[in-house]
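Me: Could you walk me through the side-chain contacts in this model, and show how each label is earned?

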Amino acid sequence: MRSDTPHFKPFDKELYDIHDQATKEKVARWIGWWDGCEVREGSKYGVDLECYRGAELYSLVEVESREFGGRCPYETIHVPYRKSKFYRSAIPTYLFAVDFEGNWGYFATMLSIVLSPLKEVKNKYMSEKEYFYDVPIDKFYEIEINTPPYWIKET
């Protein structure tokens, strides 16, 4: 890899095994409440979830788990640069960031993410050259992931 190209955090199977499936299930359930669509698992190297109306794929969803400690306390949410590959799709795409405890979720369009400033962020996984979109929190919708939207009455 050239020295001026972005570096990416290595895949962490332990974190994936702990959070991935449960977080995707929570997001899929909430999207089903909110939109009434059929939510299916995405492909291995594509987005996490696909939303269908009948046979028509009309929306894509990428899901991440975050160490917010509950509600997001930050003014921005960092979205890894590598996620920008999902914006290339002609189908509307969303990113959901869910706290590790699984109570709070934040979602935004990939368009609002890729229009946000890109910056290098040193973190516990990468000491340099990992780039993130620095997305203002007001570009995200905050949801209680375990609670249906107010207009839905669970039976």
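Reply: Gladly; we will go through aromatic pairs, nonpolar cores and salt bridges in turn, keeping in mind that this is a predicted model.

Me: Why is the pair of W30 and W34 called stacked?

Reply: The planes of W30 and W34 are 20° apart, and planes under 30 degrees apart count as stacked. The ring centres are 5.7 Å apart, within the 6.5 Å needed for a pair. Both residues lie in helix α1 (residues 13-35), 4 residues apart, or about one turn of the helix. The structure holds 9 aromatic pairs, including this one.

Me: What makes W30 buried or exposed?

Reply: W30 has a relative accessibility of 5%, and buried means under 20%, so W30 counts as buried.

Me: And why is W34 called partly exposed?

Reply: Its relative accessible area is 35%. Partly exposed is the range between under 20% and over 50%, so W34 belongs there.

Me: Why are W30 and F107 described as tilted?

Reply: Their planes stand at 50°, which is neither under 30 degrees nor over 60, so the pair is tilted. The ring centres are 5.7 Å apart. W30 lies in helix α1 and F107 in strand β6 (residues 104-109), so this pair ties together parts that are 77 residues apart in sequence. Both W30 and F107 are buried. W30, W34, F96, F107 and Y141 form one aromatic cluster.

Me: How do you know that the charged end of R40 sits over the ring of Y52?

Reply: The charged end of R40 is 3.7 Å from the centre of the Y52 ring, and the distance limit is 6 Å. The charged end of R71 likewise sits over the ring of W104, 4.4 Å from its centre.

Me: Which residues touch the most other members of the largest nonpolar core?

Reply: This core has 15 residues, and V27, W30, I31, V61 and F96 touch the most other members. Two or more residues come from each of α1, β2 (49-53), β3 (56-66) and β5 (93-99). Helix α1 gives the most, with 5 residues. Leaving aside neighbours within four places in sequence, I31 is in contact with G36, C37, V39, C51, V61 and F96. Apart from the largest core lies another core, of 14 residues, among them W104, Y133, V135 and F140.

Me: What makes E41 and K24 a salt bridge?

Reply: Their closest N and O atoms are 2.5 Å apart, and the limit is 4 Å, so the pair qualifies as a salt bridge. E41 is in strand β1 (residues 38-41) and K24 in helix α1, 17 residues apart. K24 counts as buried at 5% relative accessibility, whereas E41 is partly exposed at 44%. By this rule the count comes to 9 salt bridges.

Me: How do you know that E62 and K83 form a salt bridge?

Reply: The closest N and O atoms are 2.6 Å apart, again within 4 Å. E62 lies in strand β3 and K83 in the loop between β4 (76-80) and β5, so the pair ties together parts that are 21 residues apart in sequence. Both E62 and K83 are buried. These two are linked with E64 and R66 in a network of salt bridges.

Me: Why is E130 called buried, and R82 partly exposed?

Reply: E130 has 2% relative accessibility, so E130 is under the 20% cut-off. R82 has 29%, so R82 falls between 20% and 50%. The two form a salt bridge, with their closest N and O atoms 3.4 Å apart.

Methods
Residues numbered from 1 in each chain as written. Predicted model: local features only at pLDDT ≥ 70, side-chain atom pairs only at ≥ 80, totals over all residues. Heavy atoms only, no water. Phe/Tyr/Trp six-rings, centres within 6.5 Å; stacked < 30°, edge-to-face > 60°. Buried < 20%, exposed > 50% of the residue type's maximum accessible area, 1.4 Å probe, protein only. Lys NZ or Arg CZ within 6 Å of the ring centre and 35° of its normal. Core = buried A, V, L, I, M, F, W, Y, C linked by side-chain atoms within 4.5 Å. Contact = heavy atoms within 4.5 Å. Salt bridge = Lys/Arg side-chain N within 4 Å of Asp/Glu carboxyl O.
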